[in-house]
Amino acid sequence: MIKPVLKFKKMREANFLRYANNVVARMEENVSLFPDCEPPLSVLKGTLHRLSRAMAEAQFRDMRCVAIKNQLLRIHKEQLYRLSLYIAQVAQGDPWIILSAGFATNKPYATIGAAPKPHNLRVQVQMQRPGCVRCRVDVWKKATGCRFEYRKVGDVLWNILFTTKSSCEISGLQSLEQHEFRVAYTSSNPTITYSSVVSCYVV
């Protein structure tokens, strides 16, 4: 199974800092993928901030600052290791999810071009189930799954739902409100290409 790997064992400290910043940045960009992040993203950001300051202070060769820097390096590397275990559990072998967290993968995988724009997104209101719709899109054979997104008209942020199928059911929507829906195929290529947005009122 494809899993995340840590590539910082032989990195210089400055390179490790860039590596760690990239992981945190990617986790923030895709926070909806990792709702129960372990360690929590706030903890990772806090340690990374303290490490960055400690590395800057340690440049003056103060032994106390160097000791603090080394301790924070050990702590943050341990945190990233724990994070990699969490990502592996969430990803279940999906390289796209691993890459979305800023990690590399342990095995090469077939790379393909960016996924095409999904066509024919259909949103069917479930009349017998208030606040519920069923979404469906045409199948793309190279996809590992689909990324369905939805929001109430007027909201800024999209809610994200991943599925290994070309259809899904979305519940918990606000009745008698207009919502927007879109979808993108997921694959080994992390580029996201969305469908056209479909709007409808939810019963």
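## A helix pair and a small sheet

Helix H1 (residues 13–29) packs with helix H2 (residues 41–58) at an angle of about 155 degrees, and their axes lie 11 Å apart. That angle is over 145 degrees, so H1 counts as roughly antiparallel to H2. Keep in mind that this is a predicted model. As for handedness, the crossing of H1 past H2 is left-handed.

So who touches whom? On the H1 side, the contact is made by Glu13, Ala14, Phe16, Leu17, Ala20, Asn21, Val24, Met27 and Glu28. Facing them from H2 are Leu41, Leu44, Lys45, Leu48, Leu51, Ser52 and Met55. Sort the residues of this contact by character and you get eleven nonpolar, two polar and three charged.

Two of the residues in that contact, Glu28 and Lys45, also pair up through their side chains. They meet in a salt bridge, with 2.8 Å from N to O. Glu28 sits in helix H1 and Lys45 in helix H2, so this pair ties together parts of the chain that are 17 residues apart in sequence. In total, the structure holds nine salt bridges.

Now for the strands. Which strands make up the open sheet, and in what order? There are three, arranged E3-E4-E7, and their pairing is antiparallel. Strands E3 and E7 are the edges, each pairing on one side only. On average, neighbouring strands of this sheet are turned by 20 degrees against each other, direction ignored. As background, strands of a sheet pair through backbone hydrogen bonds, either parallel or antiparallel.

Here are the three strands of the sheet with their residue ranges:

| Strand | Residues |
|---|---|
| E3 | residues 122–125 |
| E4 | residues 133–136 |
| E7 | residues 167–170 |

How many bridges join E4 to E7? Four of them do, and the two strands run antiparallel. If you want a spot to look at in the viewer, try Cys135, which stands opposite Cys168 in E7.

Finally, the view of the chain as a whole. Its secondary structure comes to four helices and nine strands. Following the sequence, the pattern reads β-α-α-α-α-β-β-β-β-β-β-β-β. Taken along the principal axes, the C-alpha atoms fill a box of roughly 70 × 35 × 25 Å.

Methods:
Residues are numbered from 1 along each chain as its sequence is written. This is a predicted model: local features need pLDDT of at least 70, side-chain atom pairs count only at pLDDT 80 or more; totals for chains, interfaces and linings use all residues. Side-chain values use heavy atoms; hydrogens and water are left out. Two strands pair if DSSP finds at least two bridges between them. Axes are lines fitted to C-alpha atoms, for helices over the stretch in contact, and angles run from 0 to 180 degrees between N-to-C directions. Angles under 35 degrees count as roughly parallel, over 145 as roughly antiparallel, 65 to 115 as roughly perpendicular and the rest as oblique. A crossing is left-handed if the near helix is turned anticlockwise from the far one by less than a right angle, and right-handed if clockwise. Contact means heavy atoms within 4.5 Å. Ala, Val, Leu, Ile, Met, Phe, Trp, Tyr, Cys and Pro count as nonpolar, Asp, Glu, Lys and Arg as charged, and the others, Gly among them, as polar. A salt bridge is a side-chain nitrogen of Lys or Arg within 4 Å of a carboxyl oxygen of Asp or Glu.
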